[in-house]
Amino acid sequence: MSAWLEIAQQIEPLEGVVLDAALIAKMEQRQFESGAPSRIRFYTPSFKTYASSEISGCGKNAWPAISITGGECKLACDHCKAKILEPMIPARTPQDLWRVVNEQIAAGAKGMLLSGGSNHRNEVEYGPYYATIRRIKDTFPAFKIALHTALVDLDTARRMQDAGTDAAMMDVIGAQDTITQVYHLKRKVDDFERALEYLVSTQLKVVPHIVLGLHYGRLLGEWNALEIIRRHQPSAVVLVVVMPFYAPAHRPFATPDAHEIGRFFLDARAALPDIPLLLGCARPPGRVKVQIDAYAVMAGLNGIAHPADGMVELATRLQREVRVTPSCCSIALGDEVLALENADAGLQIDVTKLIAHERMRRTAIGGIGVVVK
Ligand code: SF4
């Protein structure tokens, strides 16, 4: 049995969780070959008790998400149906955006994620907003702007840059069937690659996302998306796992297979050894989340939002330097990406105390032990 599997077996929240022994052995081997274990950052408001006076408050206030179309989206993809936009603050005109941003800054915002629903070509129509974005950056230079770009041409990418956007985020889809069937979109995989290429050619920090299990819960174009991203070397990559709460009854999504996701993590780490690889907060809850998070720690991902219980302990026992950021949603909303400028962002906490705190919170599940696949 690999040393890492033995370590995992000693961690109480991993009791009864099925892990793939062969996959863990490969992850351990990768770590052995790549040298010293890297630092890992965890993001969650439940670390708040460990926050210093400098880092406090929930990321939601610090990083509001604003939608230029409110809750409207022409694509209504099968996994989302525009529901992702609903909790965002609407700013349907440039004047609204200026007002909302001023209000948010007065309430303590440090930056925003600017998003919106797509048109039928998977473009968010920011055209009328660039002058306002420029005005925001000129008036509040420290205020960070992460833009959910969707698909762009070169001219649009340059306008986003010239407006003063800090970070550009887009989903990269690597399978034509997924584009056609899940997104109902008449665009090509190549359009996603071109958009990424155009964004990377600007000064923007570019952070592509890959949604794992996007093809009705199956991994289909994810490896191709990884290959596309590898060709263009962005600033960071965010991986999320599909949460198909809104899937229509006639097109249900399966829960993605955690072991396959673990294998994808390992491949992504190998393909992008020098690019920060982050696990965003979207992923299914329960046992599958524990499996996914354990694989993320062992595959060497650099950051995890809202980690499952026991992950701090697992990372610590695998000799990784642990940092925590006591905020929510910070990866999705750009905090991590923009904080990349500051390699020491996050708190270096007393891990022993944090693990003791986690243990106190936990309710015992019963001594079943890690199940080896
Ligand atoms: S384009 Fe984006 S916001 Fe619109 S339905 Fe699809 S995933 Fe949701």
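Two residues are taken to be in contact if their C-beta atoms, placed from the backbone, lie within 7 Å. The structure is a predicted model, in which local features need pLDDT of at least 70 and side-chain atom pairs count only at pLDDT 80 or more, while totals for chains, interfaces and linings use all residues. Residues are numbered from 1 along each chain as its sequence is written.

By that contact criterion, Pro94, Leu97, Trp98 and Val101 of helix H4 meet Ala131, Thr132, Arg135 and Ile136 of helix H5. Six nonpolar residues, one polar and one charged make up this contact of H4 with H5 (Ala, Val, Leu, Ile, Met, Phe, Trp, Tyr, Cys and Pro count as nonpolar, Asp, Glu, Lys and Arg as charged, and the others, Gly among them, as polar). H4 spans residues 94-106 and H5 residues 130-139; helices (H or I, at least four residues) and strands (E, at least two) are DSSP runs, numbered from the N terminus. Their axes lie 9 Å apart at an angle of about 20°, with axes fitted as lines to C-alpha atoms, for helices over the stretch in contact, and angles running from 0 to 180 degrees between N-to-C directions. H4 and H5 are therefore roughly parallel to each other (angles under 35 degrees count as roughly parallel, over 145 as roughly antiparallel, 65 to 115 as roughly perpendicular and the rest as oblique).

A second helix pair is formed by H8 (residues 189-200) and H9 (residues 222-232), which pack at about 25° with axes 10 Å apart. That angle makes H8 roughly parallel to H9. On the H8 side, the contact involves Val189, Phe192, Glu193, Leu196, Glu197 and Val200, and on the H9 side Asn224, Ile228, Ile229 and His232. Here the residues divide into six nonpolar, two polar and two charged.

Ile229 also appears in the surroundings of valine 237, which touches Val207, Pro208, Ile210, Ile229, Leu272, Ile275 and Leu277, residues up to four places away in sequence not being counted. Valine 237 belongs to strand E9 (residues 237-241). Because 25 C-beta neighbours lie inside 10 Å, valine 237 counts as buried (20 or more other C-beta atoms within 10 Å of its own; 12 or fewer is exposed, and in between is partly exposed, with C-beta atoms placed from the backbone). Isoleucine 275 is 38 residues away along the chain, yet the two C-alpha atoms are separated by 7.2 Å.

Finally, the ligand is surrounded by Cys73, Leu75, Ala76, Cys77, Cys80, Lys81, Ala82, Ile84, Leu85, Gly117 and Ser118, each with its C-beta atom, placed from the backbone, within 6 Å. This shell divides into eight nonpolar, two polar and one charged.
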